[in-house]
Structures are given as structure tokens and as C-alpha cells.
Amino acid sequence: MQLIAVRVEPIHERFDLFRVIMDSIDKNGLSINDDDIIVISSKFVAMSQGRVVDMKKVKSATDSDRLASEYHIDPRLCELVLRESDRIFSGVPGFILAVKDGMLAPNAGIDRSNVRHGYTILYPLEPFRVADTLRDKFLLYAGRRVGIIIVDSRLMPTRIGTTGVALAVSGFEPVIDKRGSRDLFGNVLKVTLHAVADCIASAANILMGESDDSKPMVIVRGIDVDMSSESYDWHDIAVEHEECMYVRGLGNINMNKH
């Protein structure tokens with residue numbers, strides 16, 4: 001497997017995502033092959049959609065003020081978390097634990113890093129639709145059959161530091177069902193599903209970095225995946241929180257909608 005980072009000039013306004021991707025690949029002296037996987041930062045996608053919020057223009061309401069007081073967070077950020085999240089669980093000082101598009105994420109994935117001072121960046125809108133559109137455009141305009149991953153960085157339970165996770169996928173099977181196959185000792189696997197897209201996302205995230213690297217894209221080449229023309233959604237890469245062993249095991253969270 002080969003991973004090739006693509007450097008992109010910083011952009012501060014809404015832009016045409018596919019055009020910038022193609023221009024950046026060309027400026028880096030690179031090309032795209034059939035069956036490459038193009039991994040793209042969720043922030044880069046969100047910026048292309050204009051999902052950057054001027055915090056001075058955000059007004060907090062009663063619920064967000066209450067959360068801000070409880071968890072010691074800017075009430076304007078709490079307001080955005082309430083707007084963006086599908087469910088609110090609980091929190092700790094500085095963070096609200098929420099679900100957004102099937103992903104368990106602190107502050108519903110809202111972030112203030114790699115964005116201008118005084119601004120906040122939200123999750124991209126309809127990331128699976130964006131991934132499908134990019135896949136189609138690569139086939140139509142570049143004549144290449146590719147896979148697309150939109151990647152976010154995420155804290156994992158009990159682990160130090162962030163790792164990459166697939167927010168959306170297109171062009172290949174994101175999860176391989178290993179149930180029914182046998183391990184090295186002949187034991188039948190009963191629960192194993194291989195999160196292929198998450199594994200690729202995590203590998204690419206190493207090259208992307210987390211600070212001022214300016215490498216929001218990685219070309220992954222030579223990996224054996226099952227290419228597909230199907231459209232996926234978050235149910236294909238995540239489970240409902242009621243089915244998550246971590247959520248169920250903790251047991252003392254609020255399952256009610258905000």
C-alpha cells in the first residue's frame with residue numbers, strides 16, 4: 001500500500017471542491033489511477049461548503065446557557081452543538097458528548113482549529129452525497145474509477161490522542177463481514193466485521209497531520225478493497241448508539257433527545 005499526501009494552498013472562502021482537488025493533484029505533480037482511494041479531510045469539505053461560522057454572530061438561548069454553565073463552555077459553542085447534534089448525552093468540562101450523523105463526537109464534531117480566529121467550523125453537510133458526487137466526477141471528468149473517504153479525527157475511548165475515522169465513504173465496500181470465516185486455529189468468527197474504511201482513514205490521517213501541515217488529501221494506492229458503485233450512508237459504517245457496546249456498557253447516560 002502506498003500513501004501520497006497532497007499539499008493544498010490555504011483557502012479561506014467557499015470553493016469548488018472537485019476543481020481544487022484536481023488542481024492540487026496537478027500542482028503536486030501527481031496523477032490518479034484506477035482503484036485509488038482519495039481520502040479527504042472533513043474540514044476541507046466543510047470549508048468548501050462555507051460551513052465556517054463567525055462566532056460573533058451566534059446568539060445563545062436558554063438551553064445553551066444552561067449547558068455552558070454546567071460544562072464551562074462558551075454558550076455560543078453550546079448553541080451550535082445543540083443545533084448540529086442529533087442527540088446530546090452528557091459532558092465534561094470543555095466538551096459536550098453528542099451524536100452527529102451516527103458518530104459519537106465531542107461537541108458534535110464542531111472545531112476551532114485550522115480556521116481563522118473567532119470562527120468555528122462545522123461538520124460538512126451530507127458527506128455521503130459529497131463523496132458520491134466526487135466519485136462520479138472522477139469517473140466523468142478524469143476517466144478514473146476511484147473510492148472516496150471523508151475523514152475526521154477522533155478521540156477513542158480510553159486512548160490518548162486522536163486517530164482517523166471515516167465520516168463518509170463512496171466507491172468501495174467500507175466494512176467486510178468476517179462472520180462465518182475461521183481464524184488460524186479453526187475457530188468460527190461470530191462477531192468480527194473489518195472496518196476497512198476506518199483503517200484506511202486512520203493510515204491517511206498520519207500524513208494529513210493535525211496542525212499546520214496543509215495536507216487535507218491523501219491518495220491511497222495499491223490496497224485491495226471491493227470496489228462498488230453502490231451508495232452508502234452512515235448506517236453502513238456505524239451502529240445506532242443503543243447498539244454500541246460502549247454506550248450500553250456505561251449505562252448512566254441520558255438517552256433523551258435535546
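Biologist: Hi! Which side chain is joined to that of D152 by a polar contact of 2.6 Å?

Modeller: That's R154. A polar contact is a pair of N or O atoms within 3.5 Å, where within protein one can donate a hydrogen and the other accept it, and residues adjacent in sequence count only if both atoms are side-chain atoms. This is a predicted model, so local features need pLDDT of at least 70 and side-chain atom pairs pLDDT 80 or more, while totals for chains, interfaces and linings use all residues. Residues are numbered from 1 along each chain as its sequence is written, and side-chain values use heavy atoms, leaving out hydrogens and water.

Biologist: Which other side chain does a polar contact of 2.7 Å join to D152?

Modeller: The side chain of Y123. D152 is also in contact (heavy atoms within 4.5 Å) with S42, T163, G164 and V165, among residues beyond four places in sequence.

Biologist: Where is D152 found, and is D152 buried or exposed?

Modeller: D152 is in strand β8, residues 147–155. Helices (H or I, at least four residues) and strands (E, at least two) are DSSP runs, numbered from the N terminus. D152 has a relative accessible area of 11%, so it is buried. Buried means under 20% relative accessible area, exposed over 50% and partly exposed in between, with a 1.4 Å probe and protein chains only.

Biologist: Switching to D132, which side chain of opposite charge is nearest?

Modeller: R135, which is 4.0 Å away, yet buried D132 has no salt bridge. A salt bridge needs a side-chain nitrogen of Lys or Arg within 4 Å of a carboxyl oxygen of Asp or Glu. For charge, Lys and Arg count as positive and Asp and Glu as negative, with His and the chain ends not counted. D132 sits in helix α5, residues 127–141, and touches S170 and S231 beyond four places in sequence.

Biologist: How many residues does the largest nonpolar core have?

Modeller: It has 53, and I21, V39, I40, F138, I149, F172 and I200 have the most contacts inside it. Helix α6 (residues 196–208) gives the largest share, six residues. A nonpolar core is a set of buried Ala, Val, Leu, Ile, Met, Phe, Trp, Tyr and Cys residues joined through side-chain atoms within 4.5 Å. Another core, of 18 residues, lies apart from it and includes V58, L67, C78 and I88.

Biologist: Now helix α1, which residues are buried there?

Modeller: In α1 (residues 17–27), they are L17, F18, V20, I21, S24 and I25. They fall within an arc of 165° seen down the axis, so they line one face of α1. That arc uses the directions from the helix axis to the C-beta atoms. The face turned away carries exposed D26 and K27.

Biologist: What do the buried residues of α1 pack against?

Modeller: Against β1 (2–6), β2 (37–41), α2 (42–48), α5 and β12 (217–221). At the start of α1, a side-chain oxygen of D16 reaches to within 3.2 Å of the backbone nitrogen of F18.

Biologist: And which residues of α3 are buried?

Modeller: S64, L67, A68 and Y71. Their arc is only 100°, which puts them on the same side of α3. They pack against α4, β4 (87–92) and β5 (95–100).

Biologist: Last one: where is the place of I73?

Modeller: I73 is in the loop between α3 (62–71) and α4 (75–84). I73 counts as buried because its relative accessibility is 9%. C-alpha to C-alpha, I73 and F95 are 7.2 Å apart in space, though 22 residues apart in sequence.
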